[in-house]
Amino acid sequence: LLLLGLAAAPPPAAALALVADLSSHLIAITTGFTGTSVVLFGAIEGPGEVVIIVRGPSTEVAVRRKARIAGLWINRDRITFGNVPSFYAVASSKPLDAIGPPELLDLHEVGYDHLKLATLETDVDPADVPFFRRALIREKERQGLFAPDVGKVSFLGSRLFRATFGFPANVPTGNYLVEVLLVRD
């Protein structure tokens, strides 16, 4: 019976390589909301670098370029981007270029240069897209919805880590995605 009991017992649980949680899972946005901060904390098993990405609900955003015509400034060119996060922030334990190759950053959309912002128009001059893309990111940064700098993931010892993310008063409502990546080798 003892052998039968041992055979039926589940195998011992393996240690998780990464465990993370938030200080607050729900932010109530009421009429008096002035912004807030959320702390993400966790632990890793073994060596590695931690990257945290926070994204707000995706939206479509139209970016316009004004031109002066007959003494008046009017909207002339326009590109609409799809799949634009309404909020975007990244924190990392090392500079992003030291975390991994561009292909890895592209795969997980880590950093502004690696966001997959697709144009919705078909008649767009490809040479204009980088100008409009930079304008979109610059405007989101001005609104406080895109963090202008990569935040810091701080290690407390060799296993425990934490990072703080600030959410401005004008943050859109909805479900936010928080990705925590452990990068090794």
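This report describes the overall form, the nonpolar cores and four individual residues of a predicted model.

## Overall form

The chain is built from 4 helices and 11 strands. Its radius of gyration is 22 Å, well over the 16 Å that the globule rule gives for 185 residues, so the chain is more spread out than a compact globule. Taken along the principal axes, the box filled by the C-alpha atoms is roughly 95 × 40 × 35 Å.

Of the 185 residues, 32% count as buried, and the chain exposes about 11600 Å², of which carbon and sulfur atoms supply 58%. Among contacts between residues at least 6 apart in sequence, 72% join residues at least 24 apart. As for charge, the chain carries 18 positive and 19 negative charges, and the mean positions of these two sets are 7 Å apart.

## The nonpolar cores

In soluble globular proteins, nonpolar side chains tend to be buried together. In this model the largest nonpolar core has 25 residues, and those with the most contacts inside it are V51, F81 and V110. Two or more residues of this core come from each of the strands β3 (49-55), β4 (58-69), β5 (72-85), β6 (88-92) and β11 (177-183), and likewise from each of the helices α2 (96-99) and α4 (129-142). The largest share, 5 residues, is given by α4.

Leaving aside residues up to four places away in sequence, F81 touches T59, E60, V61 and V63, then L117, A118, T119 and L120, and finally V129, F132, R133 and L136. A second core, separate from the one described above, has 16 residues, including I52, F87, A163 and V171.

## Two buried positions: L96 and E109

L96 lies in helix α2, and because its relative accessibility is 14%, under the 20% cut-off, this residue counts as buried. Beyond residues up to four places away in sequence, L96 touches V90, L105, V110, G111 and V150; V110 is also one of the residues with the most contacts inside the largest core. The C-alpha atoms of L96 and V51 are separated by 8.6 Å, although these residues are 45 residues apart along the chain.

What is the setting of E109? This residue lies in the loop between α3 (102-108) and β7 (118-119), and at 15% relative accessibility it counts as buried, because the value is under 20%. With residues up to four places away in sequence not counted, E109 touches I53, R55 and Y88, together with H114, L115 and K116.

## Two positions with more open surroundings: A20 and R76

A20 is placed in strand β1, which covers residues 18-22, and with a relative accessible area of 35% this residue is partly exposed. Apart from neighbours within four places in sequence, A20 is in contact with L40, F41, G42, F161 and V180. The C-alpha atoms of A20 and I44, which are 24 residues apart along the chain, are separated by 8.7 Å.

R76 lies in strand β5 and is exposed, because its relative accessible area of 58% is over 50%. Not counting residues up to four places away in sequence, R76 touches R65, K66, A67 and I69. The C-alpha atoms of R76 and L22 are separated by 44 Å, and these two residues are 54 residues apart along the chain.

Notes. Residues numbered from 1 in each chain as written. Predicted model: local features only at pLDDT ≥ 70, side-chain atom pairs only at ≥ 80, totals over all residues. Heavy atoms only, no water. Core = buried A, V, L, I, M, F, W, Y, C linked by side-chain atoms within 4.5 Å. Buried < 20%, exposed > 50% of the residue type's maximum accessible area, 1.4 Å probe, protein only. Contact = heavy atoms within 4.5 Å. Rg over C-alpha atoms; globule rule 2.2 N^0.38 Å. Areas by Shrake-Rupley, 256 points an atom, 1.4 Å probe, with all protein chains shown as cover. Lys, Arg positive; Asp, Glu negative; His and termini not counted. Charge placed at Lys NZ, Arg CZ, Asp CG, Glu CD.
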